[in-house]
Amino acid sequence: MLQPAPGLHVNQCIGLVSIVVRDYDEAIRFYVGTLGFRLVEDTYIPEQDKRWVVVAPPNTTGVSLLLARAASPEQKAHIGNQTGGRVFLFLHTSDFQSDYEHMKAHGVRFLEEPRSEPYGMVVVFQDLYGNKWDLIQPA
């Protein structure tokens, strides 16, 4: 296992995960309006003609999502399939039933019925582009 250089002690965490999106505003409508995330930042960067858009689940101090508009044909090809069809992100909740019902009422597409696993309640859903997520209430 790799060890930090002697005398070097660092604290690290993953701060952002990029999701390639087709359009900033439609992505904001889904993540904020449908899933109930909060809009952390939406800043236009004129020299790059792009926006720095960050969303996060409410009341989280963990990882946030950077909504990154696809800028090339190669990036556009990965919208909705960032992990080759595997579950991409894992949204933990303290109230599975409430979140599940809210998402269902707002048109979120679920790929299965909720199920109980040794690690908690879980259901797979898709975001507006088709990326797969797990909604989990840990045991």
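**Entry 1: the four-stranded sheet**

In what order do the four strands of the open sheet stand, and is their pairing mixed or uniform? I began with this question while keeping in mind that the model is predicted. Reading across the open sheet, I found the order β1-β4-β3-β2, and the pairing is mixed. β1, residues 16-21, and β2, residues 38-45, are at the edges with a single partner strand each, so one side of each has no neighbour in the sheet. I also looked up the twist, and neighbouring strands here are turned against each other by 25° on average, with direction ignored.

**Entry 2: how the strands pair**

I reminded myself that strands of a sheet pair through backbone hydrogen bonds, in either the parallel or the antiparallel sense. Starting from one edge, I noted that β1 and β4 are parallel and share six bridges, and that Ser18 has Leu66 in β4 as its bridge partner. Moving on, I saw that β4 and β3 are antiparallel, with three bridges between them, and that Val53 is placed opposite Leu67 of β4. At the other edge, β2 and β3 (residues 50-56) run antiparallel and are joined by seven bridges, with Leu39 facing Val55 in β3.

**Entry 3: Ser64 and the helix across the sheet**

Is Ser64 buried or exposed? I located Ser64 in strand β4, and its relative accessibility of 11% makes it count as buried, because the limit for buried is under 20%. Once neighbours within four places in sequence are set aside, Ser64 is in contact with Gly15, Leu16, Val17, Val54, Val55 and Ala56.

I then turned to helix α1, residues 24-34, which lies across β1, β2, β3 and β4, the last of these covering residues 64-69. The helix runs at about 5° to β3.

**Entry 4: salt bridges**

How many salt bridges are there? The count I noted is five, and I looked at several of them in turn. Arg51 and Asp25 form one, with their closest N and O atoms 3.0 Å apart. This pair links distant parts of the chain, since Arg51 is in strand β3 and Asp25 in helix α1, 26 residues apart. I found that Arg51 counts as buried at 19% relative accessibility, whereas Asp25, at 36%, counts as partly exposed. Asp25 and Arg51 also belong, together with Asp42, to a network of salt bridges.

Further along the chain, I saw that Arg115 takes part in two of these pairings: with Glu112, at 2.2 Å from N to O, and with Glu117, at 2.8 Å from N to O. Each of these three residues is partly exposed, Glu112 at 25%, Arg115 at 29% and Glu117 at 28%.

**Entry 5: helix α3**

Which residues of helix α3 are buried? For this helix, residues 96-105, I wrote down Phe96, Tyr100 and Met103. These residues cover an arc of only 70° around the axis, which puts them on the same side of α3. The general rule I recalled is that an α-helix has 3.6 residues a turn, so residues three or four places apart point the same way. Among the elements that cover the buried residues of α3, I noted β6 (109-110), β8 (120-126) and β9 (132-138). After α3 comes Gly107, which has a positive phi, near 85°.

**Entry 6: aromatic rings**

How many aromatic pairs does the structure hold? I recorded eight. In one of them, the ring centres of Tyr31 and Phe37 are 6.0 Å apart and the planes stand at 40°, so this pair is tilted. Tyr31 counts as buried at 0% relative accessibility, and Phe37 counts as buried at 5%. Phe37 also pairs edge-to-face with Trp133, at 6.2 Å centre to centre and 65° between the planes. Because Phe37 is in the loop between α1 and β2 while Trp133 is in strand β9, this pair ties together parts that are 96 residues apart in sequence. Trp133, like Phe37, is buried.

Last, I listed the members of one aromatic cluster, which are Phe30, Tyr31, Phe37, Phe96, Tyr100, Phe110, Phe125 and Trp133. Two of the names in that cluster, Phe96 and Tyr100, I had already met among the buried residues of α3.

Definitions and conventions
Residues are numbered from 1 along each chain as its sequence is written. This is a predicted model: local features need pLDDT of at least 70, side-chain atom pairs count only at pLDDT 80 or more; totals for chains, interfaces and linings use all residues. Side-chain values use heavy atoms; hydrogens and water are left out. Two strands pair if DSSP finds at least two bridges between them. Axes are lines fitted to C-alpha atoms, for helices over the stretch in contact, and angles run from 0 to 180 degrees between N-to-C directions. Contact means heavy atoms within 4.5 Å. Buried means under 20% relative accessible area, exposed over 50%, partly exposed in between (1.4 Å probe, protein chains only). The arc is that of the directions from the helix axis to the C-beta atoms. A salt bridge is a side-chain nitrogen of Lys or Arg within 4 Å of a carboxyl oxygen of Asp or Glu. Rings of Phe, Tyr and Trp (its six-membered ring) pair if their centres lie within 6.5 Å; planes under 30 degrees apart count as stacked, over 60 as edge-to-face and the rest as tilted.
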